[in-house]
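Me: Hi, I've just opened this one and I'm new to it. Could you walk me through it with me asking as we go?

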Amino acid sequence: MKTVIFVVSVLLSAGSALAQMPQCTAVQGWTQQGPARSYDADNLFEYINGNAEAYILYHFVAMKGITCQSGGVTFNIDISEFEDPEFAYGMFTSTRDPRLPTEKMGVTGQVTQRKGFFTKDKYYVEISANPEGDHTATLRAFLSIIEKNIQGRTTLPDAFGWFPTEGLTPDSIRLVPESVLGLRMLERGYIAQYQAGRAFLVRESSPESAAQVFTKLRARFGQTTPATIADEAFTGTDKFLNGMCVFRKGSFIGGFANLPEGRNGIAEAEKLAANVK
């Protein structure tokens with residue numbers, strides 16, 4: 001006889017009330033164990049001490065859960081709400097195994113023998129199974145039930161479609177919640193790995209704010225050369241980021257860094273800037 005611990009926090013999309021949690025009995029042979037649980041940013045460490053900071057970094061809002069049981073197997077299932085869909089997807093990319101394939105589940109998901117998780121709208125769902133064994137069938141059964149209870153966005157953030165595909169390393173685009181390229185002035189944005197260098201894209205609150213950050217960024221790199229891309233741009237070099245090409249387009253700052261010697265990145269940056277909406 002199998003035992004499963006099923007920790008669930010099911011939340012609906014923006015503008016909706018909390019979704020009704022799936023019953024453990026929705027999958028035959030499972031029963032609830034103990035009362036429902038609830039966590040927020042102030043007490044999440046009580047549940048996942050040592051990993052709570054990773055959630056908070058991606059602007060975690062709340063988590064709710066229940067425990068289900070069936071025999072000697074346990075499933076820990078958490079459904080967490082984040083500030084917006086971008087942060088929820090960022091949480092997913094921070095926990096997925098890049099060596100393994102993803103699958104269509106909400107926006108995207110990944111299932112292994114002992115773990116299954118996906119993101120949909122501003123929610124991130126994760127299930128961990130114990131003991132060792134192939135639990136993929138049951139993981140998918142519960143994930144499917146939860147996915148249907150969550151309404152909202154099922155597409156990738158818009159920025160994913162803006163990065164040029166030529167030379168792009170597959171599945172390398174990720175949200176960086178702070179200090180993009182290791183620079184504190186670039187507070188939040190995307191990074192994508194290319195065969196030559198890394199692309200980045202940061203959205204500020206307004207064109208005026210972006211212009212101020214762009215000016216500070218140009219001063220940070222010292223001697224630079226102006227370039228004709230979007231509203232303003234420059235090329236330069238840095239001790240840690242090597243060759244760079246940076247542009248501003250409205251509220252966005254983007255470009256390429258870590259370019260090899262002799263490559264200014266203007267052509268690549270022009271393509272990225274042209275795609276930004």
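**A first walk through the model**

Reply: Happy to! Let's begin with D238, which is buried, at a relative accessible area of 13% (buried is under 20%, exposed over 50%, partly exposed in between, with a 1.4 Å probe and protein chains only). Keep in mind that this is a predicted model, where local features need pLDDT of at least 70, side-chain atom pairs count only at pLDDT 80 or more, and totals for chains, interfaces and linings use all residues. Residues are numbered from 1 along each chain as its sequence is written, and side-chain values use heavy atoms, leaving out hydrogens and water.

Me: Which residue does D238 meet in a salt bridge?

Reply: That's R220, at 3.0 Å from N to O (a salt bridge is a side-chain nitrogen of Lys or Arg within 4 Å of a carboxyl oxygen of Asp or Glu). The two link distant parts of the chain, with R220 in helix α5 and D238 in strand β13 (residues 232–238), 18 residues apart. Helices (H or I, at least four residues) and strands (E, at least two) are DSSP runs, numbered from the N terminus.

Me: And R220, is it buried, partly exposed or exposed?

Reply: R220 counts as partly exposed, at 38% relative accessibility. Elsewhere, D84, E86, R188 and R203 are joined into one network by salt bridges that share partners.

Me: How far apart are the N and O of R203 and E86?

Reply: Their side chains meet at 3.5 Å, N to O, in a salt bridge. R203 sits in strand β11 and E86 in helix α3, so this pair ties together parts that are 117 residues apart in sequence. E86 is buried, with a relative accessible area of 16%.

Me: How many salt bridges does the structure hold?

Reply: It holds 14. One of them pairs K122 with E81, with the closest N and O atoms 3.0 Å apart. K122 is in the loop between β7 (115–120) and β8 (123–130) and E81 is in strand β5 (residues 74–82), so the two tie together parts that are 41 residues apart in sequence. K122 and E81 are both buried, and the relative accessible area of E81 is 15%.

Me: What separation do the C-alpha atoms of E81 and N130 have?

Reply: They are separated by 24 Å, with their positions 49 residues apart along the chain.

Me: New topic: where is E204?

Reply: E204 is in the loop between β11 and α5 (207–220). It is buried yet has no salt bridge, and the nearest side chain of opposite charge, K216, is 8.9 Å away. For charge, Lys and Arg count as positive and Asp and Glu as negative, while His and the chain ends are not counted.

Me: So what does E204 touch?

Reply: Setting aside neighbours within four places in sequence, E204 is in contact with M185, S209, A210, V213 and S251 (contact means heavy atoms within 4.5 Å). The side chains of E204 and S209 are also joined by a polar contact of 3.0 Å. A polar contact is a pair of N or O atoms within 3.5 Å; within protein, one must be able to donate a hydrogen and the other to accept it, and residues adjacent in sequence count only if both atoms are side-chain atoms.

Me: What about the greasy inside? Which residues of the largest nonpolar core touch the most other members?

Reply: Of its 40 residues, those are L44, Y55, F82, F163, L201, I229 and F247. The elements giving two or more residues to this core include α2 (52–57), β3 (60–65), α3 (85–95) and β11. The biggest giver is α3, with five residues. Apart from this core lies another, of 21 residues, among them C68, M105, V111 and A129. A nonpolar core is a set of buried Ala, Val, Leu, Ile, Met, Phe, Trp, Tyr and Cys residues joined through side-chain atoms within 4.5 Å.

Me: Which residues does L44 contact?

Reply: Not counting neighbours within four places in sequence, L44 contacts Y39, A52, Y55, F60 and M63.

Me: And where is P177?

Reply: P177 is in the loop between β9 (174–176) and β10, buried at 12% relative accessible area. P177 and R188 are eleven residues apart in sequence and 4.8 Å apart in space, C-alpha to C-alpha. P177 touches L57, Y58, F87, E187 and R188, leaving out residues up to four places away in sequence.

Me: Last one: what is the mean pLDDT of the chain?

Reply: The mean is 89, and 92% of the residues reach 70 or more (pLDDT is the predictor's confidence in each residue, from 0 to 100). Over residues 1–18 the pLDDT is below 50, and this stretch has 98 contacts in the model beyond near neighbours in sequence. Where pLDDT is low, the predicted coordinates should not be read in detail.
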